[in-house]
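Please consider the structure shown below. The explanation that accompanies it concerns the way in which parts of one chain meet.

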Amino acid sequence: MSAISGEQRNLSLTGSEHTGLDPVTLTVIDNFLTSTCRDMGVTMMKTSYSPIFNESLDFSCVIFDPEGQMLAQAEFCPSQIGTIKFTVTWTLDELGVDAFAPGDVVLHNDPYRGSGHVPEHMMLKPVFHSGQLFGFVANVAHMSEPGAKTPGGLSGDATEVFQEGLLLPPVKIKHRGEDNEDIWKIILANHRTPKVTFGDFRAMMASLDLAEERLHELLDVHGVTTIRAACRELIEIAERRMRAEIRAIPNGVYEFEDVIEDDGISDRSYPMRLRLTVRDDDVIADFTGSAPQAVGPVNAIYAVTASAVYNAILHLTDPTIPRNEGCYRPITVIAPPGTIVNCTFPAPVAGGNTETSPRITDMVFGALQVAIPERVVAACGGTSSPFLFGGVDPRDGGLYAHFHFEGVGWGGRAGLDGNDMVVTINGNCRNTPVEVFETRYPAFLIEEYRLLPDSGGPGEFRGGLGGERLLTVTSDVTVSALLNRMKADPWGILDGGNGARGGIWVKRAGEESWQTFVEAFGTISPSKFSGIRLRPGDQVRLAMPGGGGYGDPERRDRASVARDIAEGFVTSDRASADYGYRG
Amino acid sequence: MNVDDGRAESDSGADIASQSGAWITPPISYVDPRRRFCAFCGRPIARRFWRVSRGGGEGIFCDLAHARLDTTYPRSTTPRLDDLESN
Ligand SMILES: [Zn+2]
């Protein structure tokens with residue numbers, strides 16, 4: 001995980017006209033802010049209760065100035081890093097900056113106030129130094145149990161946001177350093193696993209406390225005025241460098257279309273259209289023409305769509321640019337209200353952040369494949385593969401719930417094959433190890449966990465492999481799912497082939513054949529459903545999609561094809577059919 | 001309703017001078033969950049917005065830059081993909 005081993009940046013500055021700070025000091029300040037964000041994440045990883053925190057690292061950590069401009073971030077979850085800009089600015093606008101006092105912590109998870117989806121809870125703490133408000137430290141994290149209609153949230157057949165968990169507008173869970181007991185009581189009464197929520201919230205607070213302490217150290221050395229000026233300068237540097245990167249992309253209007261295959265409520269698909277304009281040093285991503293918002297939970301709020309576009313542009317540009325507000329200024333996102341890329345209240349949104357988000361990021365790559373073929377990547381598996389489950393733990397009678405996600409194959413790119421079974425491009429998370437999965441939860445035995453041969457799209461640079469997990473139910477459990485790429489292929493680019501689709505099947509105890517959940521339980525969608533009760537002996541098979549291929553497979557180096565066969569990544573038959581390999 | 005009068009604030013938007021407008025800061029409502037949206041980008045507006053009058057109508061924007069872009073960006077006129085499908 002890059003968050004733990006993040007590299008230091010050298011800004012390659014030529015000196016400062018504004019601050020009087022030399023380039024070395026500016027670089028040190030930038031790296032100090034970034035490493036503070038990284039340490040915030042480590043604090044959460046080390047002190048939280050749930051595996052989605054301490055194994056999957058499904059959280060992000062950011063520092064803001066008093067106007068809500070991002071000063072620094074660490075390399076955690078890209079979709080959260082983009083949306084937190086909107087969550088924080090909404091909070092400051094709604095509450096007003098004067099509402100904050102030292103020791104306050106504001107909590108917020110409302111998607112219709114900028115949160116990515118209901119499980120993602122943002123905490124925001126002001127940092128006062130020498131009596132002045134310097135800025136805010138913030139984190140956002142995916143709670144494994146938000147009090148939705150089914151355990152773990154992300155109900156695949158939700159039709160309103162109210163079914164996706166307890167909604168919290170910006171509220172002070174701490175006021176001047178003291179817990180607001182009433183807020184705590186309401187939340188803990190609404191989550192199925194209050195002890196886990198309590199522990200994870202405390203981990204988030206500890207992370208904020210650490211960041212506040214670190215900022216005081218920095219401000220003690222340099223003073224508020226100097227650091228503010230340095231931050232302004234770092235933002236200007238980031239904007240200047242990002243604009244230079246965009247200027248290097250040929251001007252033009254680039255278009256791409258993709259589709260969300262169904263919404264859990266009906267079998268209709270939801271097309272999305274992108275018209276990407278590169279004009280000198282600005283980018284406008286226009287989603288006009290995309291489908292109306294869905295009835296089911298595949299809708300993206302505006303912040304998710306914008307975040308997915310930011311994610312793509314950051315992937316395509318110089319990774320040494322300071323990651324602050326300046327990176328985002330050249331990027332404009334147009335998403336008409338009432339569409340699948342900017343849904344309106346009270347549409348359900350859970351899968352917008354897990355499924356539609358990676359699709360949007362991929363669409364930017366798809367649109368730019370002609371303009372900058374050397375930098376884009378084919379489609380990834382494009383699903384976070386959310387598989388939610390919960391029930392009563394027979395070991396102690398307590399409730400448990402878990403949000404489980406899987407890796408997918410990533411697309412091939414110039415010079416390299418796609419990654420195998422890595423959590424999709426919007427998440428940058430880790431999977432839950434089998435040992436942790438089986439130890440923490442009584443529901444399943446993992447029989448098998450493997451890469452799927454031939455799942456990577458053929459190409460000069462092959463798509464990464466998807467995988468398969470086979471689970472046997474060991475105690476009564478309620479499951480839900482919200483997956484994609486079961487009907488629509490992960491596409492290849494520049495004559496590369498498509499990756500394999502995924503799937504989820506069930507085999508009831510005592511039966512011989514695998515069935516879809518439509519066949520076994522009458523769900524509307526084979527991939528999006530909620531509240532299905534499984535019994536001991538039932539089995540679930542989860543297949544994750546591969547990535548698309550890059551370039552003509554006939555051009556693939558023959559030694560690489562031979563190695564793929566030897567490694568079991570590609571079968572001989574497919575090597576012959578897809579690559580023309582006669583070895 | 002609070003109205004910060006008039007012309008674009010000093011931080012940006014020289015091109016906006018041709019449009020009269022005002023920053024509007026309505027009170028927060030916790031009994032009406034409906035949102036306003038930027039007429040250019042579609043972003044839901046938390047509270048404060050830039051309102052311009054032009055051509056007999058008015059538009060609200062999340063910031064001055066979007067009010068400016070709204071006058072120069074060539075809007076897509078393509079129909080929604082699902083409309084195409086259903087025809
Ligand atoms: Zn706007």
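The paragraphs that follow treat the domains of the chain and then the interface between them.

The model is predicted. In chain A, the domain assignment distinguishes domain 1, covering 23-240, from domain 2, covering 378-583. Taken over C-alpha atoms, the centres of domain 1 of chain A and domain 2 of chain A lie 32 Å apart.

The two domains of chain A touch: 29 residues of domain 1 are in contact with 30 residues of domain 2. Between them, domain 1 and domain 2 of chain A bury about 2100 Å², and 60% of this area is on carbon and sulfur atoms. On the side of domain 1 of chain A, the residues that lose the most area to domain 2 are A:E55, A:P151 and A:L154, which together account for 26% of what that side buries.

Which kinds of polar interaction cross this interface? Between domain 1 and domain 2 of chain A, the rule finds 9 residue pairs in polar contact, both residues being at pLDDT 80 or more. For salt bridges across the interface of these domains of chain A, the rule finds 0.

The side of domain 1 of chain A that touches domain 2 can also be described by its elements. Those giving two or more residues to this side are α2 (51-54) and α3 (78-95) of chain A. The largest share, 3 residues, comes from α2(A). By class, this side of domain 1 of chain A comprises 10 nonpolar, 12 polar and 7 charged residues.

Note on methods. Residues numbered from 1 in each chain as written. Chains lettered and ligands numbered in written order. Predicted model: local features only at pLDDT ≥ 70, side-chain atom pairs only at ≥ 80, totals over all residues. Heavy atoms only, no water. Domains from an automatic or database assignment. Contact = heavy atoms within 4.5 Å. Buried area = accessible area lost by both parts, 1.4 Å probe. Salt bridge = Lys/Arg side-chain N within 4 Å of Asp/Glu carboxyl O. Polar contact = N/O pair within 3.5 Å; in protein donor to acceptor, adjacent residues only side chain to side chain. Helix = DSSP H or I, 4+ residues; strand = E, 2+ residues; numbered from the N terminus. Nonpolar A, V, L, I, M, F, W, Y, C, P; charged D, E, K, R; others polar.
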